[in-house]
Amino acid sequence: QVQLVESGGGLVQAGGSLRLSCAASGRTSSRLAMGWFRQAPGKEREIVAAISWSGGSTLYADSVKGRFTISRDNAKNTVYLQMNSLKPEDTAVYYCTAGPAAFSSTVYDSSSSYDYWGQGTQVTVSS
């Protein structure tokens, strides 16, 4: 089992920045691909960004490309999401997720590929 705990959410004005962190504990010795999803009220959960175990492969939703950056520090069992130039439409609950990866370069874009989910952290962007 892997436990994930997100932090760093909050209220920010449009154009501002936030940095989300996700600390993993438990069976972190396994090779894990990780990602961030978000869910806004009345909308389906969607992928924001994902990163491979090695950190060398990443993917981003088109809506956040150029504004958000995902990274990880395996020594600290932590993945980060740096969010810049935030927009009101970025308002959502952000979830950290992890899933076993066959290869160190594997990155997943589907929620069904992830086995572990955090409780979520609220990000609210005011206009």
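**Exercise 1.** Determine whether Asn77 is buried, partly exposed or exposed in this predicted model.

*Solution.* Step 1: the relative accessible area of Asn77 is 26%. Step 2: buried requires a value under 20%, and exposed one over 50%. Step 3: Asn77 is therefore classed as partly exposed. Step 4: as to its position, Asn77 belongs to the loop between S7 and S8. Step 5: the backbone of Asn77 has a positive phi of about 55°, although the residue is not a glycine.

**Exercise 2.** State where Ser85 lies and what its phi is.

*Solution.* Step 1: Ser85 is found in the loop between S8 and strand S9, the latter covering 92–100. Step 2: Ser85 is not a glycine, yet its phi is positive, at about 50°. Step 3: with a relative accessible area of 42%, Ser85 is partly exposed.

**Exercise 3.** Establish the order of the strands in the open sheet and identify which are edge strands.

*Solution.* Step 1: the sheet is open and consists of four strands, arranged S1-S3-S8-S7 with antiparallel pairing. Step 2: strand S1 (2–7) and strand S7 (68–73) each pair on one side only, and these are the edge strands. Step 3: on average, neighbouring strands of this sheet are turned by 15° against each other, direction ignored.

**Exercise 4.** Describe how strand S3 is joined to strand S8, and name the residue of S8 that Arg19 stands opposite.

*Solution.* Step 1: strand S3 comprises residues 18–26 and strand S8 residues 78–83. Step 2: the two run antiparallel and are joined by six bridges. Step 3: Arg19 stands opposite Gln82 in S8.

Conventions. Residues are numbered from 1 along each chain as its sequence is written. This is a predicted model: local features need pLDDT of at least 70, side-chain atom pairs count only at pLDDT 80 or more; totals for chains, interfaces and linings use all residues. Side-chain values use heavy atoms; hydrogens and water are left out. Two strands pair if DSSP finds at least two bridges between them. Axes are lines fitted to C-alpha atoms, for helices over the stretch in contact, and angles run from 0 to 180 degrees between N-to-C directions. Buried means under 20% relative accessible area, exposed over 50%, partly exposed in between (1.4 Å probe, protein chains only).
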